[in-house]
Amino acid sequence: MTQRDTWWKTAVVYQIYPRSFADANGDGLGDLAGITSRAAYLQALGVDAVWLSPFYPSALADGGYDVDDYRDVDPRIGSLADFDAMTATLHAAGLKVIVDIVPNHSSNRHRWFQEALAAGPGSAARERYIFRDGKGPHGDEPPTDWRAAFGGSTWTRVPDGQWYFHLFAPEQPDWNWDHPDVHQEFLDTIRFWSDRGVDGFRIDVAHALAKDLTEPLPTAAELAHIPAGPGHPFYDRDEVDAIYREWRQVFDQYDPPRCAVGEAWVDDPQRRGRYARPDLLGQAFNFDLLRANFAAAEFHDSVTQNLAVARQSGSSSTWVLSNHDVVRHASRYGLPLAPRGDGAFPPPTLRRDTAWLLTGGTNPPEDTALGLRRAKAATQFILGLPGSAYVYQGEELGLREVAALDAADRQDPTFFRSEGTDVGRDGCRVPLPWTDHGPGLGFGEATPHLPQPEWFKDYAVTREEADPAAPLAFYRQALHLRRDLLHSVTDEDFTWLDAPAGVLAYARGAWQVWTNFGETPADLPDGQILLASGPVGKTLPGATTVLLSAA
Ligand code: NOJ
């Protein structure tokens, strides 16, 4: 295997949420032509690849993760020709393209779900999904009392009386992965996009495809005590391996082989490592830092554990601080420390039902300056680690969560299905500010589909490009230095260094990364400071990272 085949093992991947990135046709919704128009920005940033959240035809019941057709583009945001043009432009700019595959569920508008509804109970068409008769004398009670991820039941009744299963919203019926047609649909999909030149895939809810829903089924109370794994009806069953082994054969038919990263919210790192094996997906997201406070012990444990798992699975780790599902890290770190996560989902620092969000960002108050200092320090810390790193659109601007959004503007099904007790994920999905004026702050001509707050203009790309002290300049330098670093070290080069309490330090060859997670300034070793996330003198101030050349 050459670097050409394994680029993804050390890549920095920039996540684009297409409908909120750049709106070229001025309808308020970001589009593929918008992404194409920003290729130079992405190239200058210094990332290696972009990952696009779903851009497929969708009624947007779940931000596009309700897919009507896996092999087309939502006409509101482009066409297959626009996709090809975008891929060609990104490739020409030296950027790889990763697309999102959503294989746990389709949308309720997918042709096969519509066919299943029309065909009726007992039909072959219903076998592609998970339909059951209801309980109770009239079958009007759902087969189980399980709760779906966004709230409400996991079962929805159709007019003829049967119920279908959905782990997420009712508009997202789960596929039956015991059905050969479902296997074929996704093999065709992977080939379709690979043939169009995509370099890799991000696999949504990768751990839930294989299910065993044979009776008797546990109650919701019993289910809560069944660990994910072989004994769980749908999370992390062993049979999921066979699905990815089949996909791997397709990935490996391409030159270079297509890469894949699984979104598997599996707490046990050993189990999670399975998804990353070379004969399966090759890489799995490590979300541990999404659950961690800005605290030395939590970061230390996460790094040690995940590097060990990566070694065992023959893969490389991934490092993620923000994505389209969680509160942006510049805001998380500006809030009081949460009790340390116990591994339960959702973890405290990630919760969107905290008082802070429910009060529109007023209680407790967010310390925005501290949040940004910590966010930059944490980013620089992860960018030096072995493995690959993910950057979520806008974090390079230091963007914060938009906590205050009117109920009428919200889109996330979590908000509606929890009846507002969880405000949902819209606050990290507000369209990017490209300039500091105009109706969409340069996002597009029209009012954006999620309103930008007044303070967004302070984070505008044009303003930051003119300010060498802005987060954007820092990200660019950090990403370019990372490329230099990778020329001189391998993933094996990593050693923890002795450091005072509250400080973490590691060496990669002749380079050292020092992060002060506490408040008390710490001594620094001799060496040349190549980049610092904030002002540094002879000592390392709190909430600051430096990259040193010790040679
Ligand atoms: C995980 C995705 O990241 C999230 O946005 C989506 O709502 C669920 N999977 C369901 O597809």
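Around the ligand of this predicted model there are 14 residues, of which Asp62, Asp204, His324, Asp325 and Arg425 come nearest. By residue class, the shell around the ligand divides into 4 nonpolar, 3 polar and 7 charged residues. Three side chains of charged residues place an N or O atom at a short listed distance from a ligand oxygen, as the table sets out for Asp62, Arg202 and Asp204.

| Side chain with an N or O atom | Distance to an oxygen atom of the ligand |
|---|---|
| Asp62 | 2.6 Å |
| Arg202 | 3.1 Å |
| Asp204 | 2.7 Å |

The protein covers 97% of the 290 Å² of accessible area that the ligand has on its own.

**His324 and its contacts**

His324, one of the residues that come nearest to the ligand, is found in the loop between strand E10 (318-320) and helix H12 (329-332). With a relative accessible area of 2%, His324 is buried, because the cut-off for that class is under 20%. The side chain of His324 makes a polar contact with the side chain of Gln15 at 2.9 Å, and a further polar contact, at 3.4 Å, with the side chain of Asp325. Asp325 is itself among the residues that come nearest to the ligand.

**Salt bridges**

How many salt bridges does the structure hold? The count is 39. As a general matter, side chains of opposite charge can pair when their charged atoms come close.

One of these pairs concerns the ligand site: the side chains of Arg425 and Asp412 meet in a salt bridge with an N to O distance of 2.7 Å. Arg425 lies in the loop between helix H15 (413-417) and helix H16 (461-465), whereas Asp412 lies in the loop between strand E11 (388-392) and H15, so the pair ties together parts that are 13 residues apart in sequence. Arg425 counts as buried at 7% relative accessibility, and Asp412 is buried as well, with a relative accessible area of 1%. The pair belongs to a network of salt bridges in which Asp62, Asp325, Asp412, Arg425 and Arg429 are linked. Of these network members, Asp62, Asp325 and Arg425 also appear among the residues that come nearest to the ligand.

Two other pairs can be set beside this one. The side chains of Arg76 and Asp74 meet in a salt bridge at 3.0 Å, N to O; Arg76 is partly exposed, with a relative accessible area of 39%, while Asp74 is buried, with a relative accessible area of 2%. In the salt bridge between the side chains of Asp279 and Arg277, the N to O distance is 3.1 Å. Here Asp279 counts as partly exposed at 30% relative accessibility, and Arg277 counts as partly exposed at 26%.

**Cysteines**

A search of the whole structure finds 0 disulfides. With regard to solvent, Cys259 counts as buried at 6% relative accessibility, and Cys428 is buried, with a relative accessible area of 1%.

**Backbone features in loops**

Which peptide bonds are cis, with omega near 0 degrees? One of them runs from Asp255 to Pro256, and Pro256 lies in the loop between helix H8 (240-251) and strand E8 (259-262). Another cis peptide bond joins Asn363 and Pro364, with omega about 0 degrees; Pro364 is found in the loop between helix H13 (355-358) and helix H14 (368-383).

Positive phi values in residues other than glycine occur as well. Val205 has a positive phi of about 45 degrees although it is not a glycine, and this residue lies in the loop between strand E7 (200-203) and helix H7 (220-223). Val205 counts as buried at 5% relative accessibility. For Ala543, phi is near 50 degrees, a positive value in a residue other than glycine. Ala543 lies in the loop between strand E17 (539-540) and strand E18 (544-549), where Ala543 counts as buried at 2% relative accessibility.

**Glu141**

Glu141 lies in the loop between strand E4 (131-132) and strand E5 (155-157) and is partly exposed, with a relative accessible area of 41%. The C-alpha atoms of Glu141 and Trp155, which stand 14 residues apart along the chain, are separated by 9.5 Å.

Definitions and conventions:
Residues are numbered from 1 along each chain as its sequence is written. This is a predicted model: local features need pLDDT of at least 70, side-chain atom pairs count only at pLDDT 80 or more; totals for chains, interfaces and linings use all residues. Side-chain values use heavy atoms; hydrogens and water are left out. A residue is near a molecule or strand if one of its heavy atoms lies within 4 Å of it. A polar contact is a pair of N or O atoms within 3.5 Å; within protein, one must be able to donate a hydrogen and the other to accept it, and residues adjacent in sequence count only if both atoms are side-chain atoms. Accessible areas come from the Shrake-Rupley method with a 1.4 Å probe; for residues, only the protein chains shown count as cover. Ala, Val, Leu, Ile, Met, Phe, Trp, Tyr, Cys and Pro count as nonpolar, Asp, Glu, Lys and Arg as charged, and the others, Gly among them, as polar. A disulfide is a pair of cysteine sulfur atoms within 2.5 Å. Buried means under 20% relative accessible area, exposed over 50%, partly exposed in between (1.4 Å probe, protein chains only). A salt bridge is a side-chain nitrogen of Lys or Arg within 4 Å of a carboxyl oxygen of Asp or Glu. Helices (H or I, at least four residues) and strands (E, at least two) are DSSP runs, numbered from the N terminus.
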